[in-house]
Amino acid sequence: MNWDRIEGNWKQFKGSAKQQWGQLTNDQLDVTAGKRDKLVGRIQETYGITKEESEEQVSLWLSKQKEMKQ
């Protein structure tokens, strides 16, 4: 699964993202609109972590989504 699929089906994946990053509000997730860079930025801002840590979390989350879809 590539990120284009996540972005195109964001409404379906948003719930999983909310479970992963519970401090993000629905409004924040809506604003990201499935854009990876926006999601990384929101996670970084909300959780006070580095961009690298946020990128790693998103990559791990994406891997989980791939596993769930198989």
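Begin by selecting Glu7, which is partly exposed, with a relative accessible area of 27%. The model on screen is predicted. Over the protein chain the pLDDT averages 93, and 97% of the residues score at least 70. If you colour by confidence, α1 has the lowest mean, at 91, and α4 the highest, at 97.

**Stop 1: Glu7 and Lys35**

Keep Glu7 selected and add Lys35. The two side chains meet in a salt bridge, at 2.5 Å from N to O. Glu7 belongs to helix α1, while Lys35 sits in the loop between α3 (26-32) and α4 (36-47); the pair links distant parts of the chain, 28 residues apart. Lys35 is partly exposed, with a relative accessible area of 33%.

Now select Gly8, which is in helix α1 (residues 3-8). Is Gly8 buried or exposed? Gly8 is exposed, because its relative accessible area is 62%, and the cut-off for exposed is over 50%. Add Gly34 and draw a C-alpha to C-alpha distance: the two glycines are 7.4 Å apart in space, with their positions 26 residues apart in sequence.

**Stop 2: the loop between α3 and α4**

Move to Ala33, in the loop between α3 and α4. What is the phi of Ala33? The value is near 50°, which is positive in a residue other than glycine. Ala33 counts as partly exposed, at 38% relative accessibility.

**Stop 3: Asp30 and Lys14**

How many salt bridges does a search of the whole structure find? The search finds four. For another of them, select Asp30 and Lys14, whose side chains meet at 2.6 Å, N to O. Asp30 is in helix α3 and Lys14 is in helix α2 (residues 10-20), so this pair ties together parts that are 16 residues apart in sequence. The partners fall in separate accessibility classes: Asp30 is partly exposed, with a relative accessible area of 42%, whereas Lys14 is buried, with 18%. Lys14 counts as buried because its 18% is under the 20% cut-off.

**Stop 4: Arg42, Glu45 and Gln28**

Go on to Arg42 and Glu45. Their side chains form a salt bridge at 4.0 Å, N to O. Both residues are in helix α4, and because they are three residues apart, about one helical turn separates them. Arg42 counts as partly exposed at 25% relative accessibility, and Glu45 is exposed, with a relative accessible area of 57%.

From Arg42, step across to Gln28, which has its place in helix α3. Which residues does Gln28 touch, not counting those up to four places away in sequence? The contacts are Gln23, Arg42 and Thr46. Gln28 counts as buried, at 17% relative accessibility.

**Stop 5: the nonpolar core**

Hide the charged side chains and select Trp10, Trp21, Leu39 and Trp61. These are the residues with the most contacts inside the largest nonpolar core, which has 15 residues. The elements that give two or more residues to this core are α1, α2, α4 and α5 (51-69).

Centre the view on Leu39. Not counting residues up to four places away in sequence, Leu39 touches Trp3, Trp10, Trp21, Leu24, Leu29, Thr32 and Val58.

**Stop 6: the tryptophan rings**

Show the rings of the tryptophans in this region. How many aromatic pairs does the structure hold? There are three aromatic pairs. One of them is formed by Trp21 and Trp61: the pair is tilted, with 5.7 Å from centre to centre and 55° between the planes. Trp21 lies in the loop between α2 and α3 and Trp61 in helix α5, so the pair ties together parts that are 40 residues apart in sequence. Trp21 and Trp61 are both buried.

Add Trp3 and Trp10 to the selection. Ring pairs link Trp3, Trp10, Trp21 and Trp61 into a cluster.

For the last view, stay on Trp3 and bring back Arg36. The charged end of Arg36 sits over the ring of Trp3, 5.3 Å from the ring centre. Trp3 is also one of the residues that Leu39 touches.

Note on methods. Residues are numbered from 1 along each chain as its sequence is written. This is a predicted model: local features need pLDDT of at least 70, side-chain atom pairs count only at pLDDT 80 or more; totals for chains, interfaces and linings use all residues. Side-chain values use heavy atoms; hydrogens and water are left out. Helices (H or I, at least four residues) and strands (E, at least two) are DSSP runs, numbered from the N terminus. Buried means under 20% relative accessible area, exposed over 50%, partly exposed in between (1.4 Å probe, protein chains only). Contact means heavy atoms within 4.5 Å. pLDDT is the predictor's confidence in each residue, from 0 to 100. A nonpolar core is a set of buried Ala, Val, Leu, Ile, Met, Phe, Trp, Tyr and Cys residues joined through side-chain atoms within 4.5 Å. Rings of Phe, Tyr and Trp (its six-membered ring) pair if their centres lie within 6.5 Å; planes under 30 degrees apart count as stacked, over 60 as edge-to-face and the rest as tilted. A charge sits over a ring if NZ of Lys or CZ of Arg is within 6 Å of the ring centre and within 35 degrees of the ring normal.
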